[in-house]
Amino acid sequence: MRTINIEGQIGSWEADPQEIVSQINQDKGDILVNINSIGGSVIDGFTIYNAIKAYDKGEIIVEIGAVAASIASYIALAGDLITAKSNSVYMIHNAWLPAVGDFVELRKAADISEGLSSIIANAYVAKTGMGKSDALSLMENETFYYGNEIKEAGFVDDVLSVDDVKPKAEAYSMAMESIKACNRSIVEHSNDIDFEAVAKLLPKEAVETKEVVDLSAQQRRARELYILEQGVNL
């Protein structure tokens, strides 16, 4: 059985999506996919997830190592059989985007994040059988699971017992530090993210179009009235 490792930050040199997809497409027979990742690029995660889902030359077994967080938790659910370890950390949350700009740009980024989160939630719902609103609520609250909790919640089919089982709080803390480092890296490379290109990848129904209100005229008039009241010259 061929083994493919997905480790580190998704979308970086550590876990290059094109290389991973190439390995999957070249294989024949069953594949073991080891995941030990704190997440990374959502779109690159979608690319890997879709390649695993589309594989029809055998069974894909996913084994979660120390951590499968953020978009890595989504990728894990593409497998035919999914296992974790008794010391694995599994974390789900909303799609995270580095966004700067005025209210129009920030609203656009928020809509894209909401659409991406909705797609990810669909995979959690399909695997666990929970309601969509429950999945979205858990994501909004950034929910962690540890060891057997991952199976009890329905995200994996089995949990493999290991000797090195850290206290839950310690495991969470280590995972959070790694996730923070990943987020810092995403911010540093935020110029590489094309929100318009990302938006085009979303199904139309995934993003609710919200009316943008131009407040500039109202704001200017309010300022003019304030200046008049204060007797200040422009």
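How much area does the protein chain expose, and what share of it do carbon and sulfur atoms supply? In this predicted model, the exposed area comes to about 12,800 Å², with 49% of it supplied by carbon and sulfur atoms. The chain is built from nine helices and seven strands. Of its 234 residues, 43% are buried. When contacts between residues at least 6 apart in sequence are considered, 73% of them join residues at least 24 apart.

Helix α2 makes a pleasant case to look at in detail. This helix runs over residues 42–54, and its 13 residues should span 18 Å at 1.5 Å a residue; the end C-alpha atoms are indeed 18 Å apart, so expectation and model agree. At the start of α2, a side-chain oxygen of S41 comes to within 3.1 Å of the backbone nitrogen of D44. D44 is itself one of the buried residues of the helix, along with V42, G45, F46, I48, Y49, A51 and I52. Cover for these buried residues includes the strands β1 (2–10), β2 (31–40) and β3, together with the helices α1 (17–26), α3 and α4 (103–128).

Two of those covering elements, β3 and α3, also frame a single serine: S70 sits in the loop between β3 (60–69) and α3 (71–76). Is this loop residue buried or exposed? S70 counts as buried because its relative accessibility is 16%, and the cut-off for buried is under 20%. Leaving aside residues up to four places away in sequence, S70 touches I38, G39, M91, H93 and Y124. Among these neighbours, I38 and G39 fall within β2 (31–40), while Y124 falls within α4 (103–128).

Methods. Residues numbered from 1 in each chain as written. Predicted model: local features only at pLDDT ≥ 70, side-chain atom pairs only at ≥ 80, totals over all residues. Heavy atoms only, no water. Helix = DSSP H or I, 4+ residues; strand = E, 2+ residues; numbered from the N terminus. Buried < 20%, exposed > 50% of the residue type's maximum accessible area, 1.4 Å probe, protein only. Contact = heavy atoms within 4.5 Å. Areas by Shrake-Rupley, 256 points an atom, 1.4 Å probe, with all protein chains shown as cover. Expected span 1.5 Å × (residues − 1). Polar contact = N/O pair within 3.5 Å; in protein donor to acceptor, adjacent residues only side chain to side chain.
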